[in-house]
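Subject: Structure for you to look at

Dear colleague,

Here is the structure I promised to hand over, and below it I have set out what was found. Please keep it open beside this email as you read.

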Amino acid sequence: MFWNAKNLKIVLEGREMPCAAFGQGEKTLVLLPGLGDGLKNAAGMALPLAWMYRRFARDFRVLVLSRAVPLKDSSTTADMAEDVACALRQLGVERASVVGVSMGGMIAQHLAIAHPELVEKLALVVTCPCPNPTLEESVDSWTEMARRGDYRALMVDNGRRIYSDGYLKKFGWMFPIAARFTKPKSYRQFLIMAAACRTHDARTGLNSIQVPTLVIGGEKDLALGGDPSRALAAAIPGAELKMYREYGHGCYEEAPDFQQTLLTFLTENEKTT
């Protein structure tokens, strides 16, 4: 019942990594969320996440892994990938399909490079091999808003950069209201993660990734741009690329076929490369 949803806490060197687990499949699927995890993580979210990703529950045991709390000062995306590797081993996961969204995709790149034995398939969604001016401007704006504690401005600007005009016309009014009820107690975790996005660079190791890889991007991505997705697909041997022309950074929520596209990739027979 309820997709076998459970809230877990994985202890890593005295820190806790929140994990939402659900599904009954024999294989494991790891979902690594984006920068927003620094404001609201997976703690206590097993049921809503299971509902959101119920399409995957039959084929996989799904693990939504947040960042360890608290993050160490000056943690990098490579450090966070090491945390993921430790968590998977602690959970007894020998090999998993890994889906990383935005910053989660940065972490997933390092995981696939440093621990190829843990990764069966890899999906990199609206992410980049290294920062570009669009990402730097977005992250710098969000960092400034977080430092001054202006959560309303942060939520509104985040929505503006992530979602399409059509989505904002329907739901944009909700962001200021949500900001009143979801304000984090501290921005420390978010600020460390934002700084890690600014220093992320996996370019030298991408050509070592040999697992089946799908890269998904949005042409209208105002948070990152579409070119980083094309650069990732070009750098990873045999990677497939899907670009959504009508969507931006939020294509993983807005595109009607996104979850089915991802599920088809994850469940199809492995291609020989």
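In this predicted model, helix H2 gives the most to the lining of the second largest pocket, to which it contributes five residues. The space in that pocket comes to about 170 Å³. The pocket is lined by 13 residues, and those closest to its centre are Glu13, Arg15, Lys72, Asp79 and Asp83. When the lining of this pocket is sorted by class, seven residues turn out to be charged, while four are nonpolar and two are polar.

Next come the enclosed spaces. Rolling a probe the size of a water molecule over the atoms shows where empty space is left. How many cavities of 30 Å³ or more does a search of the whole structure find? The search finds two, and the largest cavity holds about 40 Å³ of space.

Helix H2, which covers residues 77–90, appears here again, since with three residues it gives the most to the lining of the largest cavity. The residues that line this cavity are Met17, Leu32, Leu65, Ser66, Arg67, Ala68, Met80, Asp83, Val84 and Ile107, and by class they divide into seven nonpolar, two charged and one polar. You may notice that Asp83 is named both among the residues closest to the centre of the second largest pocket and in the lining of the largest cavity.

The second largest cavity has a volume of about 30 Å³, and its lining is made up of Ala112, Pro116, Val119, Ser208, Ile209, Gln210 and Val211. In this lining there are no charged residues, and the classes that are present are five nonpolar and two polar residues.

Finally, I would like you to look at one residue, His249, which sits in the loop between strand E8 (240–244) and helix H10 (251–254). Is His249 buried or exposed? His249 counts as buried because its relative accessibility is 6%, and the cut-off for that word is under 20%. The side chain of His249 makes a polar contact, at 2.7 Å, with the side chain of Asp221. If neighbours within four places in sequence are left aside, the residues in contact with His249 are Ser102, Val126, Arg161, Ile162, Asp221, Ala223 and Leu224, so that Asp221 appears in this list as well as in the polar contact.

With best wishes

Notes. Residues numbered from 1 in each chain as written. Predicted model: local features only at pLDDT ≥ 70, side-chain atom pairs only at ≥ 80, totals over all residues. Heavy atoms only, no water. 1 Å grid on protein atoms, 1.4 Å probe; cavity = no way out; pocket = protein on both sides within 12 Å on 5 of 7 lines; lining within 4 Å. Points joined across faces, edges and corners; volume = space filled by probe spheres on them. Helix = DSSP H or I, 4+ residues; strand = E, 2+ residues; numbered from the N terminus. Nonpolar A, V, L, I, M, F, W, Y, C, P; charged D, E, K, R; others polar. Buried < 20%, exposed > 50% of the residue type's maximum accessible area, 1.4 Å probe, protein only. Polar contact = N/O pair within 3.5 Å; in protein donor to acceptor, adjacent residues only side chain to side chain. Contact = heavy atoms within 4.5 Å.
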